Amino acid sequence: MHTVTYLEALNEALVEEMERDESVFVMGEDVTWALMGSTAGLAERFGEERVRDTPISEAGFVGAGAGAAMVGMRPVVHMLIAPFVYVAFDQLVSIIAKSTYLYGGQAKLPITLMAPMLYNRGNAAQHSDRPYPTLMTIPGLKLIAPATPADAKGMLKAAIRDDDPVISFEDGGLWGQRGEVPDGDHVVPLGEADVKREGDDVTVVALAGAVSHALAAAEELAGEGISAEVVDLRSIVPLDRETVLASVAKTGRLVVADPAHEMGSVASEVAAIVAEEGFWDLQAPISRVTTPHTQIPYSAALERPLYPSADRIAAAARQLMA
């Protein structure tokens, strides 16, 4: 084991995959400058043939990445910030998500998009979105949202090796978080949730930055005699229904904490799955702790209370226990 930050873990994943496979290259806005940190040192190490800055033209360079993937390369396309995927929506939805199907399996698109989410940082409405709920409705895309350094590294490595398109939504609020990462070729399979804390009274399914708040809430609840199980979803598509349902079968209660807007969220999907497939295990209604269906204000004082917090998650769990 070694201890690194979330950002350093992403950087390790990129270095190791580029060393392992010469078809892996990185492109995107300011990747040689490493403006977001995860691509630090790559240009010096691998050269500008494999680490390419692009114009501020997301539709153009995402489309170029799709073409490169179709002819045998494994591009890692850095979007700078997650909401920039909207500009490339036609390429993502019409080409990247559909081409394997449209060409009867003759085309593969092993492309990875890195989409950092910079919410809760005073970036206002256009730059604070968490767009994974929109993209999870598109068949053909795999989506991940790791919440620890170990998962950030292991899941990014798995994404780069995957023959399907994967979008990695990295939570900017976790970048400085330090954690242990296994040495060697650490790969975390996509589509598997992780029980971060065992419990018996209530299940808290959390995603991305909400995971650390869920763990803090579980610690607080433990002092009140409430045993909370925290399930880190990690993978949005494919979604690990079995782990969620097994946890709810054990506890009988479910809180879902998701930083996205409530309507059409991952929290809504998880709640629907449990309502359909685990209804008879429930001892109380399902509770969602999400962001209200509103634009994100520039003011930090107005923005901060919108997202899931330890206090909001703990309050939801107490209500279910009551």
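This section describes the strands, helices and one loop residue of a predicted model.

The central element is an open sheet of 7 strands. Its strand order is S3-S2-S4-S5-S7-S6-S12, and the pairing is mixed. Strand S3 (51-53) and strand S12 (235-237) stand at the edges. Each has a single partner strand, so one side of each lacks a neighbour in the sheet. From one strand to the next, the twist averages 20 degrees.

Within this sheet, strand S2 (residues 24-28) and strand S4 (residues 74-78) run parallel. They are joined by 5 bridges. Valine 26 stands opposite valine 76 of S4. S4 also pairs with S5, again in the parallel sense. That pairing spans 3 bridges. Here valine 76 has threonine 112 of S5 as its bridge partner. Valine 76 thus has a place in both pairings, facing valine 26 and threonine 112.

S4 is largely enclosed by the rest of the structure, because 5 of its 5 residues are buried. The cover extends to both faces of the strand. On one side lie Arg74, Val76 and His78, and on the other Pro75 and Val77. Every one of these residues is buried.

Helix H8 (residues 149-161) packs on the sheet. H8 touches S2, S4, strand S5 (112-114), strand S6 (142-144), strand S7 (166-168) and S12. Its direction makes about 145 degrees with that of S5. The helix has 13 residues and reaches 19 Å from its first C-alpha to its last. This is close to the 18 Å expected at 1.5 Å a residue. H8 is mostly covered, with 12 of its 13 residues buried. The buried set runs from Pro149 to Ile160. It includes the charged side chains of Asp151, Lys153 and Lys157.

A second packing involves two helices. The axes of helix H3 (residues 58-70) and helix H4 (residues 89-96) come within 8 Å. They cross at roughly 25 degrees. Angles under 35 degrees count as roughly parallel, so H3 is roughly parallel to H4. From H3, the contact draws on Ala59, Val62, Gly63, Ala66 and Met70. These meet Gln91, Ile95 and Ile96 in H4. By class, the contact has 6 nonpolar, 2 polar and no charged residues.

Strand S11 (residues 228-232) pairs with two other strands, S9 and S10. Strand S9 (residues 194-197) pairs with S11 in the antiparallel sense over 3 bridges. In that pairing, aspartate 194 has aspartate 232 of S11 as its bridge partner. Strand S10 (residues 202-206) runs parallel to S11, and 5 bridges join the two. There, valine 202 is matched with alanine 228 of S11. S11 is mostly covered, with 5 of its 5 residues buried. Ala228, Val230 and Asp232 point one way from the strand. Glu229 and Val231 point the other way.

Asparagine 120 lies in the loop between S5 and helix H6 (124-127). Its relative accessible area is 36%. This value falls between the limits of 20% and 50%, so asparagine 120 is partly exposed. Beyond its neighbours within four places in sequence, asparagine 120 is in contact with Glu303, Arg304 and Tyr307. Its C-alpha atom is separated by 8.8 Å from that of isoleucine 296. Those two residues are 176 residues apart along the chain.

Key
Residues numbered from 1 in each chain as written. Predicted model: local features only at pLDDT ≥ 70, side-chain atom pairs only at ≥ 80, totals over all residues. Heavy atoms only, no water. Helix = DSSP H or I, 4+ residues; strand = E, 2+ residues; numbered from the N terminus. Expected span 1.5 Å × (residues − 1). Buried < 20%, exposed > 50% of the residue type's maximum accessible area, 1.4 Å probe, protein only. Axes fitted to C-alpha atoms, helices over the stretch in contact; angles between N-to-C directions. Parallel < 35°, antiparallel > 145°, perpendicular 65-115°, else oblique. Contact = heavy atoms within 4.5 Å. Pairing = 2+ DSSP bridges.
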